[in-house]
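User: I've got a model open and want to talk through its charged side chains and overall build. Can you walk me through it?

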Amino acid sequence: MNASNPSMEKAPRHMGIELLRIVATGMIVLHHLLAHGGLLAVFPSPGPTDAAMRLLNAFAYCAVNLYGLISGYGSSGRFRPARLVGLWVQAWFTGVVLTALLSPLTPVTAADWRTALLPIGSQEYWYLTAYFGLYVLSPALHAAVERLSRRQLTLTLLGCAVLFTLTPSAAESLSLSGGYHVGWLCVLYLLGAWLRRYGSPARSNWKPLLCFFLCVGIAGGWQIAALLLKARGITPLMDGDQLLHYNSPLMLLASLALFRWFLRLHPSGRLERFVRWAAPLTLGVYLIHDQPVFRRVFIVLRLTGFSSLPTLLILPALFSVWLVVFAGSAALEWLRVRLFALCRVDRLCQRAGDRLTALACRLLPEEKARP
């Protein structure tokens, strides 16, 4: 993995899964436009336009789960400090440059600079922080996958599914913060590794897609139904957002179905060349468009003006903004990659990682395990 790629050390790249990485990043951008951009709150609720926005949000919501599955599917379990160094440098550089460049457009606070200078551990980049924890734990997780039998691993994952997706959110010790947690990424990693070892592409073209759309339709539909009930003074049996957590059963099933469908795909020709070019830029798209100052200037509540548009123009307008944000972030990330290559930043990160590895080897020499 280079510093711009969010998965770990890889076997030969599966182009269908690399395409899924791009799709998942697009889903993340769409979710942020709907949530941060204000489209989930600006339309009268409940109403047809509001319902359409909520269904679209449900469609995009399983993107984080897809990233976790991709990490487990493509990982070799090797831990190399240079990878974490490179990832930290990328996040640090992106945050500092964007904060400095955008400071004339908005007041920049001490908290903004703290996030830019210390991106790991920041609540603004929760996924990046959780991914650091996942990477540190990956050798142990990989060893478990290699040593456990298929039955043992499957039963372990079934137990995780019951504990972490079916447990009411009130049970704080098992809720994993709705999926915003390194523990949930570890479960997804193990699921992705299981799919690599024992899974197979979906045999049907339409069944996994039907499962995906059914799951997101139920999750989004329940949210809309709960709003309708509350509008009539009826308390729903379950909160409307209960099924729209990363670790909800429906979101997990939706992500697994979509993942298996993309396993069927093997892009070739121009599409393959595009995937090879775009997939390594996806983490940069996430870091740029969700950078706090960038988000505040270009995204937060910037889409509320769509409420004055004719209903038929709202979706085309939304997807136009989505394309601009996605393509613009990808272009900026491509420039960063070229600059890092010119300055040989990756080589410096590799040297720093090698020194950390050498230090660890001196302090912790290998020794045989006790029988």
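User: Let's start with glutamate 333: what is its relative accessible area, and is it buried or exposed?

Analyst: Keep in mind that this is a predicted model. Buried means under 20% relative accessible area. Glutamate 333 falls under that cut-off, so it counts as buried, with a relative accessible area of 0%.

User: Which residue does glutamate 333 pair with in a salt bridge?

Analyst: Look along helix H15 (residues 311–343), where glutamate 333 has a partner three residues away, about one turn of the helix. That partner is buried too, with a relative accessible area of 7%. The two side chains meet at 2.7 Å, N to O, and the partner is arginine 336.

User: Which residues are joined into one network by salt bridges that share partners?

Analyst: One link is the salt bridge between glutamate 18 and arginine 21, at 2.9 Å, N to O. Both of these sit in helix H1 (residues 15–35), three residues apart, and both are buried. With shared partners taken into account, the network is Arg13, Glu18 and Arg21.

User: How many residues apart in sequence are the parts tied together by arginine 295 and glutamate 124?

Analyst: These two form a salt bridge, with the closest N and O atoms 2.5 Å apart. Arginine 295 is in helix H14 (residues 292–298), while glutamate 124 is in the loop between helix H5 (110–117) and helix H6 (126–147), so the parts they tie together are apart in sequence by 171 residues.

User: Which of that pair is buried, and which is partly exposed?

Analyst: The buried cut-off is under 20% relative accessible area, and over 50% would be exposed. Arginine 295 comes in at 11%, so it is buried. At 29%, the one that counts as partly exposed is glutamate 124.

User: Zooming out on charge, how far apart are the mean positions of the positive and negative charges?

Analyst: Salt bridges in the model come to 10. The chain carries 34 positive and 16 negative charges. Take the mean position of each set, and the gap is 7 Å.

User: And the fold as a whole: what is the radius of gyration of the chain?

Analyst: The chain has 16 helices and zero strands, and its C-alpha atoms fill a box of roughly 70 × 55 × 45 Å along the principal axes. For 371 residues, a compact globule would come out near 21 Å, and the chain agrees with that, at 21 Å.

User: What share of the residues in the chain is buried?

Analyst: The accessible surface is about 18,500 Å², with 66% of that belonging to carbon and sulfur atoms. Out of the 371 residues, the buried share is 49%.

Definitions and conventions:
Residues are numbered from 1 along each chain as its sequence is written. This is a predicted model: local features need pLDDT of at least 70, side-chain atom pairs count only at pLDDT 80 or more; totals for chains, interfaces and linings use all residues. Side-chain values use heavy atoms; hydrogens and water are left out. Helices (H or I, at least four residues) and strands (E, at least two) are DSSP runs, numbered from the N terminus. The radius of gyration is taken over C-alpha atoms; the globule rule is 2.2 Å times the number of residues to the power 0.38. Buried means under 20% relative accessible area, exposed over 50%, partly exposed in between (1.4 Å probe, protein chains only). Accessible areas come from the Shrake-Rupley method with a 1.4 Å probe; for residues, only the protein chains shown count as cover. Lys and Arg count as positive and Asp and Glu as negative; His and the chain ends are not counted. The place of a charge is taken as NZ of Lys, CZ of Arg, CG of Asp or CD of Glu. A salt bridge is a side-chain nitrogen of Lys or Arg within 4 Å of a carboxyl oxygen of Asp or Glu.
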